[in-house]
Amino acid sequence: MSLGADRSYKMKLRDVENAFKYRRIPYPKRSVELIALLAISCTFFLFMHTNKLNSRLKEMEVKLQPSEFSALGLTGNHVSGHDAGKHDDINTLHGTYQYLKSTGQMSSLNVRDLNNTRKAQMELVFFNRVPKVGSQTFMELLRRLSERNNFQFHRDAVQKVETIRLAEDQQQEMAEVISELPEPSVFIKHVCFTNFTKFNLPKPIYLNVVRDPVERVISWFYYVRAPWYFVERKAAFPDLPLPHPAWLKKDFETCVTSGDQECTYTQGVTVEGIGDHRRQSLFFCGHDYECTPFNTVGALEKAKFAVEQQYAVVGVLEDLNTTLSVLEKYVPRFFEGVRDIYATSAEYLTKINKNNFKPPVSESVKDIVRRNFTNEIEFYQFCRQRLHKQYLAAHLPQRIITDSAHPPGFLGN
């Protein structure tokens with residue numbers, strides 16, 4: 001083959017190779033794009049399908065739950081600024097429901113067993129309110145309800161020194177005064193649980209409210225240091241001495257981390273006086289000395305027993321909507337319409353006694369305090385779970401069975 005022919009042959013061969021090469025380039029490129037497009041489409045389809053299935057499962061779960069469970073939005077925490085109730089565990093309404101359902105206990109929930117209102121022997125609510133649990137808000141609600149539901153509202157007068165634990169003769173005197181109030185009435189006072197039947201007096205309807213014990217002790221710490229608190233106290237009792245400026249300037253975090261005696265919560269120690277508001281369980285345990293040591297098992301068990309056997313409702317500040325619903329169901333003579341009243345005045349009611357001087361406290365400091373509040377926390381959780389059971393039981397097909405010895409609506413509907 002001549003040199004010119006050889007060169008011509010190589011050029012043609014190169015042209016064929018180039019043609020083949022450039023014909024093949026678009027093919028894999030389009031294939032990759034097509035595969036990517038198909039992958040994206042499939043992923044999007046699967047996402048939409050999964051999302052739809054998830055929504056459907058949620059709808060089915062709601063339908064399986066009590067009728068008002070979702071309508072009232074009662075699936076967790078309902079008061080902003082509190083840590084309790086953030087997680088969907090057994091201490092939330094939804095968590096309690098899931099636990100009872102998974103253990104087969106939902107079918108055994110009985111409103112009558114959970115309703116101590118039926119044990120009352122007079123139409124009188126005794127609200128022995130725990131401090132710093134939103135009790136001022138509940139008092140205002142009761143004041144408004146007294147006009148709506150036609151009952152008398154009574155509260156103990158502001159005292160220079162408020163005594164929570166009473167001697168036996170003082171307990172009897174207080175119980176006698178309360179028992180003589182006209183029916184129906186509400187009486188409100190900071191005082192330990194008092195057993196009226198011990199003095200052969202008719203049993204009232206016991207009510208109270210609790211709060212996360214660590215949040216509550218922080219609230220109390222700053223409440224007694226708020227400027228307006230001293231202005232009010234000084235106006236009522238001019239001879240009261242003003243506290244030392246160094247005490248007023250204390251902050252809770254430094255108080256805890258420095259080992260200050262005021263913020264040292266020692267197991268089994270008794271500190272008497274109005275300044276000791278660590279023991280939320282004390283308001284349920286009673287007046288006996290065995291109730292006074294801090295965070296003890298004995299006080300815990302006695303407080304639990306009183307809640308279970310004596311109290312119609314123990315509300316929870318962190319579960320306010322649930323609390324109002326349970327109050328309306330279990331004590332309708334006094335609390336009918338409470339949710340409507342709260343809904344129309346929520347902005348005002350949530351600001352009652354709010355302390356704008358309380359700074360945030362870190363979770364690390366709260367955790368230090370929680371280690372010493374084990375039994376107080378257990379009591380709080382016990383009250384919260386009982387409230388959830390009452391709510392769930394009241395929304396099952398069964399309804400509270402009324403006792404013919406009492407007026408219609410006295411026990412529930």
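R370 and E363 make a good entry point to this predicted model: the two form a salt bridge in which the closest N and O atoms are 3.6 Å apart. E363 is partly exposed, with 35% relative accessibility. The pair also belongs to a wider arrangement, since E215, E363, K366, D367 and R370 are linked in a network of salt bridges.

**The chain as a whole**

With that pair in mind, let's step back. The chain has 413 residues, and 46% of them are buried. Its secondary structure comprises 17 helices and 5 strands. Among contacts with a separation of 6 or more, 78% are between residues 24 or more positions apart. The accessible surface amounts to about 21,600 Å², and carbon and sulfur atoms hold 56% of that area.

**Salt bridges between elements**

Side chains of opposite charge can pair when their charged atoms come close. How many salt bridges does a search of the whole structure find? The count is 18. Three of them are set out here.

| Pair | N to O distance |
|---|---|
| R333 and E123 | 3.5 Å |
| R339 and E328 | 2.6 Å |
| R370 and E363 | 3.6 Å |

The salt bridge of R333 and E123 is worth a closer look. R333 sits in helix 14 (residues 332–335) while E123 is in the loop between helix 4 (111–114) and strand 1 (124–127), so this pair ties together parts that are 210 residues apart in sequence. E123 itself is buried, at a relative accessible area of 14%.

The side chains of R339 and E328 meet as well, at 2.6 Å from N to O. This pair links helix 15 (residues 338–349), which holds R339, to helix 13 (residues 320–330), which holds E328, and the two residues are 11 apart. Are these partners buried or exposed? R339 is partly exposed, with a relative accessible area of 26%, whereas E328 counts as buried at 16%.

**Helices under cover**

E328 is in covered company: helix 13 has 11 residues, and 10 of these are buried. The buried set includes L320, L324 and L327, together with the charged residues E328 and K329.

Helix 3 (residues 93–102) also has buried residues, namely L93, H94, G95, T96, Y97 and L100. An α-helix has 3.6 residues a turn, so residues three or four places apart point the same way. Right after helix 3 comes G104, whose phi is positive at about 75°.

**A charged patch on the surface**

For electrostatics, one spot to note is a negative surface patch made by D169, E173, E176 and E180. D169 is part of helix 6 (residues 168–179), and its relative accessible area of 55% makes D169 exposed.

**Two loop residues and their contacts**

S281 is placed in the loop between helix 10 (252–257) and helix 11 (282–285). With a relative accessibility of 4%, S281 is buried. Which residues does S281 contact, leaving aside neighbours within four places in sequence? They are A303, E376 and F379.

D251 occupies the loop between helix 9 (245–248) and helix 10. Unlike a buried residue, D251 is partly exposed, at 31% relative accessible area. Beyond its neighbours within four places in sequence, D251 is in contact with F221 and Y222. D251 and F221 are 30 residues apart in sequence, and their C-alpha atoms are 8.6 Å apart in space.

**Backbone points to check**

Most residues other than glycine have a negative phi, and most peptide bonds are trans. Three places in this model depart from those habits.

The peptide bond between E183 and P184 is cis, with omega about -5°. P184 is in the loop between helix 6 and strand 3 (185–188).

K132 is not a glycine, yet its phi is positive, near 60°. K132 belongs to the loop between strand 1 and helix 5 (135–149), and at 13% relative accessibility K132 counts as buried.

N200 likewise is not a glycine and has a positive phi of about 60°. The loop between strand 3 and strand 4 (205–210) holds N200, which is exposed with a relative accessible area of 75%. So K132 is buried, while N200 is exposed.

Terms used:
Residues are numbered from 1 along each chain as its sequence is written. This is a predicted model: local features need pLDDT of at least 70, side-chain atom pairs count only at pLDDT 80 or more; totals for chains, interfaces and linings use all residues. Side-chain values use heavy atoms; hydrogens and water are left out. Helices (H or I, at least four residues) and strands (E, at least two) are DSSP runs, numbered from the N terminus. Buried means under 20% relative accessible area, exposed over 50%, partly exposed in between (1.4 Å probe, protein chains only). Contact means heavy atoms within 4.5 Å. Accessible areas come from the Shrake-Rupley method with a 1.4 Å probe; for residues, only the protein chains shown count as cover. A salt bridge is a side-chain nitrogen of Lys or Arg within 4 Å of a carboxyl oxygen of Asp or Glu. Patches are made of residues with over 30% relative accessible area and no salt bridge: like charges are joined within 9 Å, nonpolar side chains (Val, Leu, Ile, Met, Phe, Trp, Tyr) within 5 Å. Lys and Arg count as positive and Asp and Glu as negative; His and the chain ends are not counted. The place of a charge is taken as NZ of Lys, CZ of Arg, CG of Asp or CD of Glu.
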